[in-house]
2 protein chains.
Amino acid sequence: MTVEVDVTIKPKRGVADPEGENTKKALHLLGFRNVRSVKSMKTFRIELELDAETTGDAEEEAVTSAVEEMCEKLLSNPVIHDYEILIVGRQIGN
Amino acid sequence: MTVEVDVTIKPKRGVADPEGENTKKALHLLGFRNVRSVKSMKTFRIELELDAETTGDAEEEAVTSAVEEMCEKLLSNPVIHDYEILIVGRQIGN
């Protein structure tokens, strides 16, 4: 079984986000005056293979713990980043 | 009223995604052998101010058309990128 997970890496509250700030300024200059804030984030869409027997809560737990470990070891910098994990799809078989 | 929108910018099908490819390789090297693919994407979380009278379908239409215009004018490169627009929250008042 294949599970598709979106991992969103975003700056922690209080950490500067110059890309978001400048995107907001550029949108204002282009005439989008109703933009109040822009935050820039990075998303990885990861396809994971799981045993077909892993379903329901066990599946969610297996996926979440694996992806949290990936975030801590590689995808995010815990000093400045928070992350969100969201299961977006599943596919039975290959 | 404030509406929060997530705009995800991702490579079109067939366009190379070296960051995703290399992230996958690094995850394999770290022992995450069950990672089948990784796609890297950029997400902007945009807060938009709308008239309080704009609700329901009209709201969704107003938000989607404004954000599509932002994508075409600034956020994405239509030659290599697709985008997804998702309303993630709304807040009444200021």
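What follows is a look at how chains A and B sit together in this predicted model.

A few ground rules come with the model: being predicted, local features need pLDDT of at least 70, side-chain atom pairs count only at pLDDT 80 or more, and totals for chains, interfaces and linings use all residues. Residues are numbered from 1 along each chain as its sequence is written, chains are lettered from A and ligands numbered from 1 in the order in which they are written, and side-chain values use heavy atoms, with hydrogens and water left out.

Start with the symmetry. With copies superposed by least squares on the C-alpha atoms of residues with pLDDT of at least 70 in both, a turn of 180° and a shift of 0.0 Å along the axis lay chain B on chain A with an RMSD of 0.0 Å. The two copies are therefore related as by a two-fold rotation axis. Within chain B, the residue closest to that axis is Lys42(B), its C-alpha lying 2.4 Å away. Both copies use the same surface, as 100% of the contact residues of chain B recur in chain A.

As for the interface itself, 34 residues from chain B and 34 residues from chain A are in contact (heavy atoms within 4.5 Å). Together the chains bury about 3,200 Å², 55% of it on carbon and sulfur atoms; buried area here is the accessible area (1.4 Å probe) lost when two parts are put together, summed over both. On the chain B side, Arg36(B), Met41(B) and Arg45(B) lose the most area, together 22% of what that side buries.

Strand pairing also links the chains. Strand S2 (residues 35–49) of chain A runs antiparallel to S2(B), joined by 13 bridges; strands pair if DSSP finds at least two bridges between them, and strands themselves are DSSP runs (E, at least two residues) numbered from the N terminus. One such match puts Ser37(A) opposite its bridge partner Glu47(B).

Charged pairs add to the picture. Six salt bridges cross the interface, out of a search that finds 16 over all chains (a side-chain nitrogen of Lys or Arg within 4 Å of a carboxyl oxygen of Asp or Glu). Arg45(A) turns up on both counts: Glu84(B) is its partner across the interface, with the closest N and O atoms 3.8 Å apart, while within chain A a salt bridge to Asp6(A) has an N to O distance of 2.7 Å. Arg45(A) lies in strand S2 and Asp6(A) in strand S1 (residues 2–11) of chain A, so this pair ties together parts 39 residues apart in sequence.

Technical notes. Helices (H or I, at least four residues) and strands (E, at least two) are DSSP runs, numbered from the N terminus.
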